[in-house]
Amino acid sequence: MSAGTTDRRLTITDIARMHAEGQRIAMLTAYDHPTARILDEAGIVMILVGDSVGEVILGYESTVRVSMAEMLHHTKAVVRGTRRALVVADMPFLSYATQEEAVVNAGLFLREGGAQAVKVEGGTRTARTIETLVRSGVPVMGHIGWTPQAKYTMGGQARVQGKTRDQARQLLADALAVQEAGAFSIVLELVPEQLAAAITERLRIPTIGIGAGSGCSGQVQVLTDLLGWSDWSPRHARRYAELASVIGTAVREYESDVEAGTFPGPEETRRMDDDVLADVLGVGVLDQPSSAQAAEGVARPRAVPLDRDL
Ligand code: KIV
């Protein structure tokens, strides 16, 4: 089955089938209802409600600040905007610090948020958590390489992981541990392309790369980087649009139209029957003096305020 031929909600079985058929998987992040709808209608098969929402939408300096409540809020909006895409909710910092918390919080994402899977960062260190979640019936996507939630233990700055022999071996071990724990796919972030390709070759589950070269089974990008929503995008992102400048131009045009009095114009305006308004204001036909009254010098009634009868 090609994912393009079905109208129902996709599952991890569909993703596995696409992978088995050699189909490359295009995944994107989304954080709100209208954008999720556009992505879904465009045929994006997996949408990640990434905790990157903290940096690119909520204005935090790090994803570490993002809460479960915020993630749930955005997950619900994305789920409501999609009919077909498999929605993966990113488990935020410390929401899976213990096995118990992991199960409770993943349960919230699936039951309350409506997501079909969750993503957790970490390789061997989170393998047991992944195993517990999968055993509980939660589909899990792993995430290794540069893991933003570990930013403060990884040196603060996003940088390519796995360039040295030891790091590369550790990443390979991480990938295998995540797969053996039962994850249905794994994100490889900021990994040298040869290492990402070698990991992809050794795994049965699809690898989803971000800054990890074209040898992965699929790719994921932070949507705002792809759309040019800010003045900066990471080197691994291709800007397919310049939305910040499109928005800026539109907003400046609107502002000058308002200032010039040309917005709203007839196209954007509704009118009512002038007679009805005249009646409401007490200056309608029935409010005029009859010709006899006029002959007697009865004056035209004074217009009354709109709220006279209220
Ligand atoms: O939060 C996010 O957007 C992510 C991607 C970078 C994979 O985890």
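This passage describes the pocket, the ligand, the cavity and two backbone features of a predicted model.

Residues are numbered from 1 along each chain as its sequence is written, and side-chain values use heavy atoms, with hydrogens and water left out. Because the model is predicted, local features need pLDDT of at least 70 and side-chain atom pairs count only at pLDDT 80 or more, whereas totals for chains, interfaces and linings use all residues.

The largest pocket holds about 930 Å³ of space. On a 1 Å grid over the protein atoms alone, a pocket is an open set of points with protein on both sides within 12 Å along at least five of seven lines, while a cavity is a set of points where a 1.4 Å probe fits but cannot get out, and lining residues have an atom within 4 Å of a point. Grid points are joined across faces, edges and corners, and a volume is the space filled by probe spheres set on the points. The largest pocket is lined by 33 residues, of which Glu-55, Glu-189, Asp-225, Pro-234 and His-236 are the closest to its centre. At least two lining residues come from each of α3 (53-56), β6 (185-189) and α9 (223-226), where helices (H or I, at least four residues) and strands (E, at least two) are DSSP runs numbered from the N terminus.

The ligand sits in the largest pocket, a statement which requires that more than half of its atoms lie within 2 Å of the pocket's grid points. Residues near the ligand (those with a heavy atom within 4 Å of it) include Thr-29, Leu-48, Lys-119, His-143 and Val-222. Polar contacts, defined as pairs of N or O atoms within 3.5 Å, link oxygen atoms of the ligand to polar side-chain atoms of Ser-52 at 2.5 Å, of Asp-51 at 3.0 Å and of Asp-90 at 3.1 Å. The protein covers 96% of the 260 Å² of accessible area that the ligand has on its own, as computed by the Shrake-Rupley method with a 1.4 Å probe.

Apart from the pocket, a search of the whole structure finds one cavity of 30 Å³ or more. The largest cavity has a volume of about 40 Å³, and its lining consists of Tyr-31, Asp-32, Thr-35, Ile-57, Leu-223, Thr-224 and Trp-229.

Two features of the backbone remain to be described. The peptide bond from Phe-263 to Pro-264 is cis, with omega near 0 degrees, and Pro-264 is placed in the loop between α10 (243-260) and α11 (274-280). Leu-94, a residue other than glycine, has a positive phi, near 70 degrees, and is found in the loop between β3 (86-90) and α5 (99-112).

Note on methods: A polar contact is a pair of N or O atoms within 3.5 Å; within protein, one must be able to donate a hydrogen and the other to accept it, and residues adjacent in sequence count only if both atoms are side-chain atoms.
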